[in-house]
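Let's take a walk through a protein complex together. Have a look at the sequence and the 3D view, then read on.

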Amino acid sequence: MIVLYINVIILCLLVITAIAINQQDNLFATTMLTGIFSLLSASLFVCLDAVDVAFTEAAVGAGIALILFLGALSLIKYKEKIKNKISFLGFFIVILTGSLLIYGLQDIPAFASPENPVQTYLADRYIVASEKEIGIPNLVTSVLASYRGYDTLGEVTVIFTACIGVLMLLGRSRGDYKGIVSREKS
Amino acid sequence: MEHHLVLNVVARILIPLIMLFALYVQFHGDYGPGGGFQAGVIFAASFILYGIIYGIERLRKVVHPSFIRSLSALGVLIYVSVGIAGVLNGGEFLNYNVLLEDPRTGQHIGIIFIELGVGMTVASTMILLFYAFARP
């Protein structure tokens, strides 16, 4: 029961942080609030017993992403440009997407329901057999690296591809690096 | 920010600890929470901290961009090689059972290697992103 209260409190804090992010026009404060949002979601994941996901969220969302945002902020101005015009098309699209999402939510099984298709055959199979088949105690790692090794390969390739994309857009050419090194030497 | 004495001293103490923790997360992922993704990000964080405190140029001398670029490709290569090693030993792609005689030891070795590949790609990608965004 107490976990439920903690979950509700964290969810409320998440909503408050999201509203604060939306209200803020100082981009530095927005970035910091995004970090707080990530940290709050990480604690929510801990409450939901998803320690590995919480770990990733804390390291990536609250750590590296914040640094990258700050790096991007150093290239632009700290103030957001305020647009006073209200876009009715945008408002319509937001309402439409939101109602579609709520409509889609009607079909999903109740939270933590035992009849959830995920819980009925695959999870049991992993919990029972993974210790015997893989021989390592952390179930998440054996699912991620062995049973779903192909998916993880895809994830790594996505990260690598994203890296190539960013470098092609923002990275400096090889000559620039040489220029920096030679300037330092002289 | 090198002239800030407190930052300088704290970074000097923290950077090796962060690296050690990253290695722990990397190779202890079989037993506790963690794995290649998290370890890679934490490992990159130590380099990024170095870059923030001592300047981008000094970080470029520590890890050269072209070296770190090849490292990010090498990670994916290690992952795929483990998969192909499974095929060569007569199993399916990414089947670790056939890597060694004992299937469970094979699974263990396979998982350690692919996590290493994941960690290398993630860490070098994060450092490269930092290079791309940060201006001296």
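Which residues in α7(A) are buried? They are A:Thr141, A:Ser142, A:Leu144, A:Ala145 and A:Ser146. Keep in mind that this is a predicted model.

## A helix with company

So what covers the buried residues of α7(A)? The cover includes α6 (122-133) and α8 of chain A, together with α5 of chain B. In other words, part of that cover comes from chain B.

Let's zoom in on that partner. Two packed helices are described by the angle between their axes and the distance between the axes. For α7(A), residues 139-147, and α5(B), the axes come within 10 Å and cross at roughly 85°. Angles of 65 to 115 degrees count as roughly perpendicular, so α7(A) is roughly perpendicular to α5(B). On the chain A side, the contact is made by A:Thr141, A:Ala145 and A:Ser146. On the chain B side, B:Gln107, B:Ile111, B:Ile114 and B:Glu115 do the job. By class, the residues of this contact are three nonpolar, three polar and one charged.

## Where the two chains meet

Now step back to the whole contact between the chains. It takes 43 residues from chain B and 39 residues from chain A. Three helices of chain B, namely α2 (36-54), α4 (65-88) and α5 (103-133), each supply at least two residues of the side that touches chain A. The largest share comes from α5(B), with 17 residues. Sorted by class, the side of chain B that touches chain A has 25 nonpolar, 13 polar and five charged residues.

## A core built from both chains

In soluble globular proteins, nonpolar side chains tend to be buried together. Here, the largest nonpolar core has 53 residues. Which residues have the most contacts inside it? Look for A:Ile64, B:Val41, B:Ile42, B:Ala44, B:Met126, B:Ile127 and B:Phe130.

Both chains chip in. From chain A, α3 (51-73), α7 and α8 (149-170) each supply at least two residues of this core. From chain B, α1 (5-27), α2, α4 and α5 do so too. Once again α5(B) stands out, giving the most to this core with 13 residues.

## Chain B in outline

Chain B has five helices and zero strands. Its C-alpha trace spans about 60 × 30 × 15 Å along its principal axes. Of its 136 residues, 46% are buried. If you take the contacts in chain B with a separation of 6 or more, 64% of them join residues 24 or more positions apart.

B:Gln26 gives you a nice example of residues that are far apart in sequence. It lies in helix α1 of chain B, and B:Gln26 is buried because 24 other C-beta atoms lie within 10 Å. B:Gln26 and B:Glu115 are 89 residues apart along the chain, yet their C-alpha atoms are separated by 7.2 Å. Leaving aside its neighbours within four places in sequence, B:Gln26 is in contact with B:Gly36, B:Ala39, B:Glu115 and B:Gly119. You've met B:Glu115 already, in the contact of α5(B) with α7(A).

## A spot in chain A

Over in chain A, A:Leu40 lies in helix α2 (residues 27-47). Is A:Leu40 buried or exposed? It counts as buried, because it has 22 C-beta neighbours inside 10 Å. Beyond its neighbours within four places in sequence, A:Leu40 is in contact with A:Ile10, A:Leu13, A:Leu14 and A:Thr17. By contrast, the C-alpha atoms of A:Leu40 and A:Asn138, 98 residues apart along the chain, are separated by 24 Å.

## Two unusual backbone angles

Most residues other than glycine have a negative phi. A:Asp49 has a positive phi of about 65°, although it is not a glycine. B:Leu94 also has a positive phi of about 65° without being a glycine.

Each is found in a loop: A:Asp49 between α2 and α3 of chain A, and B:Leu94 between α4 and α5 of chain B. Their surroundings are another matter. A:Asp49 counts as exposed because it has 9 C-beta neighbours inside 10 Å, while B:Leu94 is buried, with 22 other C-beta atoms within 10 Å.

## How sure is the predictor?

The predictor gives the complex an ipTM of 0.89 and a pTM of 0.83. Chain B averages a pLDDT of 90, and 97% of its residues score at least 70. Chain A averages 85, with 92% of its residues scoring at least 70. Over residues 178-186 of chain A, the pLDDT is below 50. Beyond near neighbours in sequence, that stretch has two contacts in the model.

Key
Residues numbered from 1 in each chain as written. Chains lettered and ligands numbered in written order. Predicted model: local features only at pLDDT ≥ 70, side-chain atom pairs only at ≥ 80, totals over all residues. Contact = placed C-beta atoms within 7 Å. Helix = DSSP H or I, 4+ residues; strand = E, 2+ residues; numbered from the N terminus. Nonpolar A, V, L, I, M, F, W, Y, C, P; charged D, E, K, R; others polar. pLDDT = per-residue confidence, 0-100. Axes fitted to C-alpha atoms, helices over the stretch in contact; angles between N-to-C directions. Parallel < 35°, antiparallel > 145°, perpendicular 65-115°, else oblique. Core = buried A, V, L, I, M, F, W, Y, C linked by C-beta atoms within 7 Å. Buried ≥ 20, exposed ≤ 12 C-beta atoms within 10 Å, placed from the backbone.
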